[in-house]
Amino acid sequence: VLGGVSLILDDPTFFKWKPTGLYWLFALVFLGSQFFARKPMIQTMMQSVAADELELGDRIWKQLNLAWVGFFIFAGAINIYVAYNYPEAIWVNFKLFGLFGLTFVFLVLQTLWLSRHTPPDKPDNEKQP
């Protein structure tokens with residue numbers, strides 16, 4: 001849908017705001033899930049992939065969800081900052097590589113943080129088949 005709107009409008013401003021809009025929409029969805037869903041969005045997403053390995057308390061899931069909200073708000077804001085304070089070629093490179101790099105760094109930090117909150121592995125003789 002947004003690709004079609006981009007082609008119809010052919011407006012550089014829309015192209016520059018689109019990533020920010022998506023990031024901020026994700027932030028709203030994640031924040032809303034914190035209060036209006038049974039589980040925070042990040043818990044729903046991560047437990048569907050690694051339900052056996054991620055046994056975290058509700059407080060930890062909420063903190064992680066809020067960290068993602070903060071990341072999405074920050075990424076959207078920095079996108080707009082770069083879009084309006086640097087030439088378009090630099091913004092395009094930032095959008096392609098900088099935002100990807102920021103996401104990668106955030107994921108590494110999230111993994112390190114989660115490793116502090118995950119229970120230790122059970123010895124092989126205690127693991128169930």
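**Reading the contacts and the core**

Guide: In this predicted model, W68 touches F30, I42, F106, L107 and Q110, once residues up to four places away in sequence are left aside.

Visitor: What makes these residues count as touching W68?

Guide: The criterion is a distance between heavy atoms, with 4.5 Å as the limit, and F30, I42, F106, L107 and Q110 are listed as touching W68, so each of them has a heavy atom within 4.5 Å of one in W68.

Visitor: Which residues have the most contacts inside the largest nonpolar core?

Guide: They are I42, M46, W61, L64, W68 and F72, in a core of 22 residues. Helices α2, α3 (41-50), α4 (58-85) and α5 (88-117) each supply at least two residues of this core, and α4 gives the most, with 10 residues.

Visitor: How do you know that W68 is buried?

Guide: Membership of such a core requires a residue to be buried, and W68 belongs to this core, so W68 must be buried as well. In soluble globular proteins, nonpolar side chains tend to be buried together.

Visitor: Why is Q34 called buried?

Guide: The relative accessibility of Q34 is 11%, and the term buried applies under 20%, so Q34 falls on the buried side of that cut-off. Q34 lies in helix α2 (residues 12-36) and touches P40, K62, N65 and L66, again not counting residues up to four places away in sequence.

Visitor: Is F35 buried or exposed, and what makes it so?

Guide: F35, which also lies in helix α2, has a relative accessible area of 60%; the term exposed applies over 50%, and therefore F35 is classed as exposed. From C-alpha to C-alpha, F35 and K62 are 9.8 Å apart in space, with their positions 27 residues apart in sequence.

Visitor: Why is V105 called partly exposed?

Guide: V105 is found in helix α5 and has a relative accessibility of 46%. Partly exposed covers values between the 20% and 50% cut-offs, so V105 takes that label.

Visitor: Which residues form a nonpolar patch on the surface with V105?

Guide: F100, F104, V108, L109 and L112 join V105 in that patch, and together the residues have about 610 Å² of accessible area. A patch member needs over 30% relative accessible area, and the 46% of V105 meets that requirement.

Visitor: How many helices and strands does the protein chain have?

Guide: The protein chain has 5 helices and 0 strands, and buried residues make up 28% of its 129 residues.

Note on methods: Residues numbered from 1 in each chain as written. Predicted model: local features only at pLDDT ≥ 70, side-chain atom pairs only at ≥ 80, totals over all residues. Heavy atoms only, no water. Helix = DSSP H or I, 4+ residues; strand = E, 2+ residues; numbered from the N terminus. Buried < 20%, exposed > 50% of the residue type's maximum accessible area, 1.4 Å probe, protein only. Core = buried A, V, L, I, M, F, W, Y, C linked by side-chain atoms within 4.5 Å. Patch = residues over 30% accessible without salt bridge, like charges linked within 9 Å, V, L, I, M, F, W, Y side chains within 5 Å. Areas by Shrake-Rupley, 256 points an atom, 1.4 Å probe, with all protein chains shown as cover. Salt bridge = Lys/Arg side-chain N within 4 Å of Asp/Glu carboxyl O.
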